[in-house]
Amino acid sequence: MSLQEIVAMFLYTLAHHKKNRSIGHYFYRSGETVSRQFHLCLRAFLKLHEVLLYNPTQILDDCEDERWKSFKNCLGALDGTYINVNVPSKERPKYRTRKGTIAMNVLGVCAPNMQFIYVLPGWEDSAHDMRVLRNALSRPNSFRVP
């Protein structure tokens, strides 16, 4: 199995909340192979967490970047956006936005160096930013504001 296929299965599983059996059908692999490769990729990701995951620092008072001067003592900025998705036809009504497109509502938080600190994908339909943020704060492994 190629590394690209292993990573693709890993990301597809995380992004679509699918079971090994469904991923196996999509990639023409057995559920056991999908499970083994998923855990292999997960272990590799966890070993590289210090490189892949970013620990933000506060925006200082002497910040010279015009875009971030008004965010003094903050870790970054957050906003919600829609990302177009392809879903089975029976699930399309759940993902239809008020403008008629098929999209997923995503909350993103980024630091001044434009690296993502937190991403919460998966919201169906139109939802107000505050509703998505409230959900992000109330989850067990939630977005934490220091």
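How exposed is D65, by its relative accessible area? D65 is partly exposed, with a relative accessible area of 27%. Keep in mind that this is a predicted model. Here is a friendly tour of its salt bridges, helix α1 and a nonpolar patch on the surface, starting with the charged pairs: a search of the whole structure finds four salt bridges.

**Salt bridges**

- D65 pairs with R67 through their side chains, at 3.1 Å from N to O. While D65 is partly exposed, R67 is exposed, with a relative accessible area of 53%.
- E66 and K69 form another salt bridge, with their closest N and O atoms 3.3 Å apart. E66 is exposed at a relative accessible area of 62%, whereas K69 counts as partly exposed at 35%.
- In a third pair, E5 and R29 bring their closest N and O atoms to 2.9 Å. E5 sits in helix α1 and R29 in the loop between α2 and α3, so this salt bridge ties together parts that are 24 residues apart in sequence.
- E5 has a relative accessible area of 19% and is buried, because the cut-off for buried is under 20%. Its partner R29 counts as partly exposed, at 34% relative accessibility.
- As general background, side chains of opposite charge can pair when their charged atoms come close.

**Helix α1**

- Helix α1 covers residues 3–16, and its 14 residues should span 20 Å at 1.5 Å a residue; the end C-alpha atoms are 20 Å apart, which agrees.
- The buried residues in α1 are E5, I6, M9, F10 and T13. They cover an arc of only 140° around the axis, so they lie on the same side of α1.
- The general geometry helps here: an α-helix has 3.6 residues a turn, so residues three or four places apart point the same way.
- L3 and Q4 are exposed on the other side of α1.
- Among the parts that cover the buried residues of α1 are α2 (20–27) and α3.
- Just after α1 comes H17, which takes a positive phi of about 55°.

**Nonpolar surface patch**

- A nonpolar patch on the surface is formed by F45, L46, L48, V51, L52 and L53, which together have about 580 Å² of accessible area.
- Two elements give two or more residues to this patch: α3 (31–47) and α4 (49–52).
- L46, one of the patch residues, is in helix α3. At 52% relative accessibility, L46 counts as exposed, because the cut-off for exposed is over 50%.

Terms used. Residues are numbered from 1 along each chain as its sequence is written. This is a predicted model: local features need pLDDT of at least 70, side-chain atom pairs count only at pLDDT 80 or more; totals for chains, interfaces and linings use all residues. Side-chain values use heavy atoms; hydrogens and water are left out. Patches are made of residues with over 30% relative accessible area and no salt bridge: like charges are joined within 9 Å, nonpolar side chains (Val, Leu, Ile, Met, Phe, Trp, Tyr) within 5 Å. Accessible areas come from the Shrake-Rupley method with a 1.4 Å probe; for residues, only the protein chains shown count as cover. Helices (H or I, at least four residues) and strands (E, at least two) are DSSP runs, numbered from the N terminus. Buried means under 20% relative accessible area, exposed over 50%, partly exposed in between (1.4 Å probe, protein chains only). The expected span of a helix is 1.5 Å times one less than its number of residues. The arc is that of the directions from the helix axis to the C-beta atoms. Contact means heavy atoms within 4.5 Å.
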